[in-house]
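Trainee: I have a model to go through, and I want to test every label against its definition. Can we start with how exposure is judged?

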Amino acid sequence: MASLHFSLGEDFGKRITEIAQEKLIYDYSPKKAIETFTLSFYDMTEKLALRCLSGKDLKIVVDGDEVELTTDDVEEYPTIDFEYLVERWKSEFDKTFKVFEKPLIDRLSYGTKRNISISINVLDILKGYQNDDRNPYDFFKEVITDELLYEPYIDYDYTKTIDDLEYFKIFKDWKTLNKKRLFVMKWLADNNFIDEYPVDYENKLIEYSLKVEACLNWNDPDHVIRKDPLESYIEASIENDEIDRLEPISPTEFRNACWVSPDGEIYGMNGEIGNMLHMNIADILVNQGVIESSNRREENNPYNILENNGWVKLHNDWVMFEQNIFTDNGEQKQFMTDKQQEVIAEYLHNHFEDIGKFGIMHTPISSFIFKQMDKFAINKLFDF
C-alpha cells in the first residue's frame with residue numbers, strides 16, 4: 001500500500017495564526033479563533049492557543065516536520081495590537097453614527113405617527129348599509145377590507161415609509177455589527193488582552209439604538225402589537241361602548257391608554273388611537289364624579305379638566321404632560337407629583353423594559369433616570 005508524505009512548510013504557523021486572528025476580528029468568533037489552533041495541532045491547549053492569538057507572546061514555528069512554540073522574534077510574523085483594534089472600532093463607531101444622525105433629526109422634526117391614507121366615500125358606506133341589518137361594526141369592517149370598494153392613494157407618507165424601511169435596515173445591520181464587536185471586546189477584557197471593557201461604547205450603542213428605534217416606532221413590546229389595527233379598533237369600540245365606570249388599576253396591569261392622577265391613581269382603556277381613548281376615559285371620570293370642572297372654561301371639555309389639574313397621559317410607552325395651563329389669571333406652570341413619578345416609572349418597568357418616550361419629541365428615558373429627575377428637568381421633556 002502506497003504512503004502519502006507531505007511537509008508543513010516553514011510559514012505554516014504564520015498562516016494558522018493569521019486565520020485565527022481573522023476569525024476573531026472579521027467573524028467576531030473567539031471560539032473559532034481558538035479552535036483554529038486547537039484543531040490544527042495535536043495537544044494544543046486553549047491556554048496555549050490564547051497565548052498564540054496576538055502573535056506577540058507565543059509564536060508557532062515549523063522546522064522540517066517539527067512544530068515548536070517560541071517567544072523569540074520571528075520575521076514577518078502576524079501580530080495584533082488589541083488595544084489599538086478596540087480604539088479603531090470605537091472611532092469607527094462614532095464616525096459611522098453620523099450616517100444616522102441627520103435622518104434621525106429629520107424624523108424627529110415631524111414626529112413618528114404617520115399614516116398611509118385610503119380614500120373611501122362615506123356616502124357609499126351609508127348607501128350600502130340602507131338594507132343591511134348586520135351589526136354596523138361588522139358591516140364597516142367588510143367595507144374597509146373589501147379591496148374592490150376602494151383604491152388607496154399614495155401620499156408623501158408612502159415614500160417616507162419606504163425610506164424608513166431602508167434606513168432601519170441599514171441601522172439594524174450597523175447595530176448587529178457593533179453588538180458583535182462588543183462581544184469580542186468583552187472576551188478580550190475577560191482574557192486580559194485589553195485593560196478594560198469599553199463601557200462608554202456600549203452605553204452609546206444603547207443610547208443611539210433607543211433614539212432610532214423610538215423614532216421609528218419599532219421598539220414596541222410584543223404585547224402592544226398583538227392584533228390587526230382594524231380588528232383592535234372594532235373590538236375596542238364594541239367593548240368600550242359598554243363601559244360607563246372605571247376603577248383605578250395597578251401599575252402591573254396594562255392598558256393602551258391611561259390617565260395618571262396627581263395622587264398616582266391610574267385609569268385606562270384598551271384600543272387604538274382612533275378609538276379616542278383619552279377623551280373617552282376623561283368623559284367617564286367626570287361623569288362618575290372622580291374629578292369636577294373648576295372653571296367655566298373646563299365645563300364642556302372633560303379632557304381639559306384632567307390636563308389642567310395635572311393628570312399625565314400615557315399611550316403605550318409614550319408619556320405626555322401639560323405643564324403650561326391657562327387660568328382666568330393667565331398662564332401658569334404645573335409639575336408632576338412624586339407619586340406620579342413613582343407609578344409611571346413602575347408602569348414603564350413592568351410593561352416596556354424600563355424605557356419610555358417623553359413629550360412630543362419622543363425622548364427616550366429609562367425609568368431609573370426618570371425617578372431621579374427633579375420637577376424642572378421633567379418639565380423640559382415636554383417643551384416644544
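Mentor: Exposed means over 50% relative accessible area, and buried means under 20%. Keep in mind that this is a predicted model.

Trainee: What makes N192 exposed or buried?

Mentor: Its relative accessible area is 70%. The cut-off for exposed is over 50%. N192 is therefore exposed. The residue lies in the loop between α8 (156-190) and α9 (199-216).

Trainee: What is notable about the phi of N192?

Mentor: Phi of N192 is near 65°. That is a positive value in a residue other than glycine. Most residues other than glycine have a negative phi.

Trainee: Which value is given for the phi of N316?

Mentor: Phi of N316 is near 55°, again a positive value in a residue other than glycine. N316 sits in the loop between β7 and β8.

Trainee: How do you know whether N316 is buried or exposed?

Mentor: The relative accessible area of N316 is 11%. Buried needs a value under 20%. So N316 is buried.

Trainee: Now K313. What makes this lysine buried or exposed?

Mentor: K313 has a relative accessible area of 10%. The limit for buried is under 20%, so K313 is buried. The residue belongs to strand β7 (residues 312-315).

Trainee: Why is the pairing of the K313 and E307 side chains called a polar contact?

Mentor: The distance between them is 2.8 Å. A polar contact needs N or O atoms within 3.5 Å, one able to donate a hydrogen and the other to accept it. The side chains of K313 and E307 are joined by such a contact. K313 also touches C258, W259, H278, Y303, W318, V319 and M320, among the residues more than four places away in sequence.

Trainee: What makes β7 and β8 a pair?

Mentor: Four bridges join β7 to strand β8 (residues 318-321). Pairing takes at least two bridges. The two strands run antiparallel, and V312 stands opposite F321 in β8.

Trainee: Where do β7 and β8 fit in the sheet?

Mentor: The open sheet has six strands in the order β6-β5-β7-β8-β11-β12, with mixed pairing.

Trainee: Why are β6 and β12 called edge strands?

Mentor: Each pairs on one side only. β6 covers 266-269 and β12 covers 363-366. On average, neighbouring strands of this sheet are turned by 25° against each other, direction ignored. Helix α11 (residues 277-287) lies across β5 (257-260), β6 and β7, at about 45° to β5.

Trainee: On to helix packing. How do you know how α1 is oriented against α2?

Mentor: The axes of α1 (residues 12-25) and α2 cross at roughly 170° and come within 7 Å. Angles over 145 degrees count as roughly antiparallel. That makes α1 roughly antiparallel to α2. Residues in the contact include I16, I19 and L24 of α1 and P30, A33 and F37 of α2. By class, the contact has seven nonpolar, two polar and two charged residues.

Trainee: What label does the crossing of α2 and α3 earn?

Mentor: Helix α2 (residues 30-38) and helix α3 (residues 46-53) have axes that cross at roughly 105° and come within 9 Å. The range for roughly perpendicular is 65 to 115 degrees. α2 and α3 are therefore roughly perpendicular. Contact residues include I34 and F37 of α2 and L50 and L53 of α3. This contact has seven nonpolar, one polar and one charged residues.

Definitions and conventions. Residues are numbered from 1 along each chain as its sequence is written. This is a predicted model: local features need pLDDT of at least 70, side-chain atom pairs count only at pLDDT 80 or more; totals for chains, interfaces and linings use all residues. Side-chain values use heavy atoms; hydrogens and water are left out. Axes are lines fitted to C-alpha atoms, for helices over the stretch in contact, and angles run from 0 to 180 degrees between N-to-C directions. Angles under 35 degrees count as roughly parallel, over 145 as roughly antiparallel, 65 to 115 as roughly perpendicular and the rest as oblique. Contact means heavy atoms within 4.5 Å. Ala, Val, Leu, Ile, Met, Phe, Trp, Tyr, Cys and Pro count as nonpolar, Asp, Glu, Lys and Arg as charged, and the others, Gly among them, as polar. Buried means under 20% relative accessible area, exposed over 50%, partly exposed in between (1.4 Å probe, protein chains only).
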